[in-house]
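Colleague: Could you pick one spot in this chain and take a really close look at it for me? I'd like to hear how it sits in its surroundings, and then how those surroundings fit into the whole.

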Amino acid sequence: MSELRICEVGPRDGLQNQDRHFSIDERVDLIDRLIATRPAAVEAVSFVNDRRVPRMAGAEEILGRIARSDGVDIAALVMNGRGVQRALNCDLDEIRFAVSATDEFNLRNVNAPVSATVEDFAANAAAIIGAGVRLTAIIAVSFGCPFSGVVEPAAVIELVGQLAEAGAQEILLADTIGCGVPNQVRELLDGVAAVAPGIPRGVHLHNTRNTGYANAVAAIESGATTLDSSVGGLGGCPFAPNATGNIATEDLCYLLRNSGYATGVQLPELLGVVDWLRSLVPDEISGQLGQAGLFPEVARSH
């Protein structure tokens, strides 16, 4: 079985909405620790307006200081052309361009309707790909929007087609507020495969309503090859009320490993990162494996 691609988003999604302000030194330390656990990718920073998301300030400095390792891609999130230009001036393996599935959410994210952000994506795709950087399209609020409610699958699939035509090399569906359930995951991923054949698919899941891990399994069974997750289950969107943390990387990788899937992630080392984070933000750790332990006597080896 081919190895699933785990993208660790803790340094970005995990910290962007924290009450505690992590210094640049601490963020570099966290990224270095996570790189050592060997996920396929680490989403290290986002190139956004520092005034709107102050926890993400200093992206360029951080990318210049982290200790890179062969086999671990370094990714950054962008939301518009300005972010792309900043990102292309840095050493990155992947640029993840976020587009919302609803105008209401997109306006709060980037003060623009969805159509304008799609145009921005298309206008910058060639430069990203030409620079040898992987271009991933992330569709926020694919499963439901905190402002406009239900998101029709047809609208998400139409947006997928536009982004695929514009040059997306991977499509990730984001359950930004953690409202999706497995049958929705299957329906949407089947729709992505139909309109964007041959383009890798993935999911970015939150566990707000305790469906995140069931959704992850459904996504894999429906052909997803990339799964985003956050160390300790940290996470939350500054523009999505009551959105809680991502699925925890350690819990996800334990589930996948013991289900026969390879991830490459070194779980003992990852639990060490969880312990370190718990010393800094003890009330924010929602992952369970750090509490329960690995139980190697019943764990399969993959």
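Modeller: Let's go with valine 141, which is found in the loop between E5 and helix H7 (153-166). Keep in mind that this is a predicted model. What caught my eye is the backbone: valine 141 has a positive phi of about 45°, although it is not a glycine. Most residues other than glycine have a negative phi. Is valine 141 buried or exposed? Its relative accessibility is 0%, so with a cut-off of under 20% it counts as buried.

It's worth setting that beside another residue with a positive phi. Asparagine 111 isn't a glycine either, and its phi is near 60°. This one lies in the loop between helix H5 (103-110) and helix H6 (114-130). Here the side of the cut-off flips: asparagine 111 has a relative accessible area of 65%, so it is exposed. So one positive phi belongs to a buried residue, valine 141, and the other to an exposed one, asparagine 111.

Back to E5, the strand on one side of valine 141's loop. Arginine 134 pairs with glutamate 170 in a salt bridge, 2 side chains meeting at 3.3 Å, N to O. Arginine 134 belongs to strand E5 (residues 134-140) and glutamate 170 to strand E6 (residues 170-175), and the pair links distant parts of the chain, 36 residues apart. The partners don't sit equally in the open: glutamate 170 is buried at 0% relative accessible area, while arginine 134 is partly exposed at 26%.

And that pair isn't on its own. Arg134 and Glu170 are part of a salt-bridge network that also takes in Arg5, Arg12, Asp13, Glu43, Asp73, Glu94, Arg96 and Asp228. Side chains of opposite charge can pair when their charged atoms come close.

Glutamate 43 is a nice member of the network to zoom in on. You'll find it in strand E2 (residues 41-47), and with a relative accessible area of 0% it is buried. What does glutamate 43 touch, leaving out residues up to four places away in sequence? Its contacts are Cys7, Glu8, Val9, Pro11, Arg12, Asp13, Ala75, Leu77, Arg96 and Ile138. If you want a sense of scale, the C-alpha atoms of glutamate 43 and asparagine 106 are separated by 21 Å, and those two are 63 residues apart along the chain.

A couple of helix-to-helix bridges are worth a look too. Aspartate 25 and arginine 65 meet through their side chains in a salt bridge of 2.7 Å, N to O. Since aspartate 25 is in helix H2 (residues 24-35) and arginine 65 in helix H3 (residues 59-65), the pair ties together parts that are 40 residues apart in sequence. Both ends are partly exposed, aspartate 25 at 49% and arginine 65 at 38%. H3 comes up again with glutamate 60, whose side chain forms a salt bridge with that of arginine 86 (2.8 Å, N to O). With glutamate 60 in helix H3 and arginine 86 in helix H4 (residues 81-88), this pair ties together parts 26 residues apart in sequence. Glutamate 60 is partly exposed at 35%, as is arginine 86 at 25%. The salt-bridge count for the model comes to 16.

For a covered helix, try H10 (residues 249-257): 7 of its 9 residues are buried, among them Glu250, Asp251 and Arg257. Its buried residues are covered by, among others, strand E1 (5-8), helix H9 (212-221), strand E8 (226-229), helix H11 (267-280) and helix H12 (289-292).

Zooming right out, the chain has 12 helices and 8 strands. Its radius of gyration is 18 Å, close to the 19 Å the globule rule gives for 302 residues, so the chain is as compact as a globular protein of that length. Of those residues, 56% count as buried. Among contacts with a separation of 6 or more, 73% join residues 24 or more positions apart. As for charge, there are 22 positive and 37 negative side chains, with the centres of the two sets 3 Å apart.

Conventions: Residues numbered from 1 in each chain as written. Predicted model: local features only at pLDDT ≥ 70, side-chain atom pairs only at ≥ 80, totals over all residues. Heavy atoms only, no water. Helix = DSSP H or I, 4+ residues; strand = E, 2+ residues; numbered from the N terminus. Rg over C-alpha atoms; globule rule 2.2 N^0.38 Å. Buried < 20%, exposed > 50% of the residue type's maximum accessible area, 1.4 Å probe, protein only. Contact = heavy atoms within 4.5 Å. Lys, Arg positive; Asp, Glu negative; His and termini not counted. Charge placed at Lys NZ, Arg CZ, Asp CG, Glu CD. Salt bridge = Lys/Arg side-chain N within 4 Å of Asp/Glu carboxyl O.
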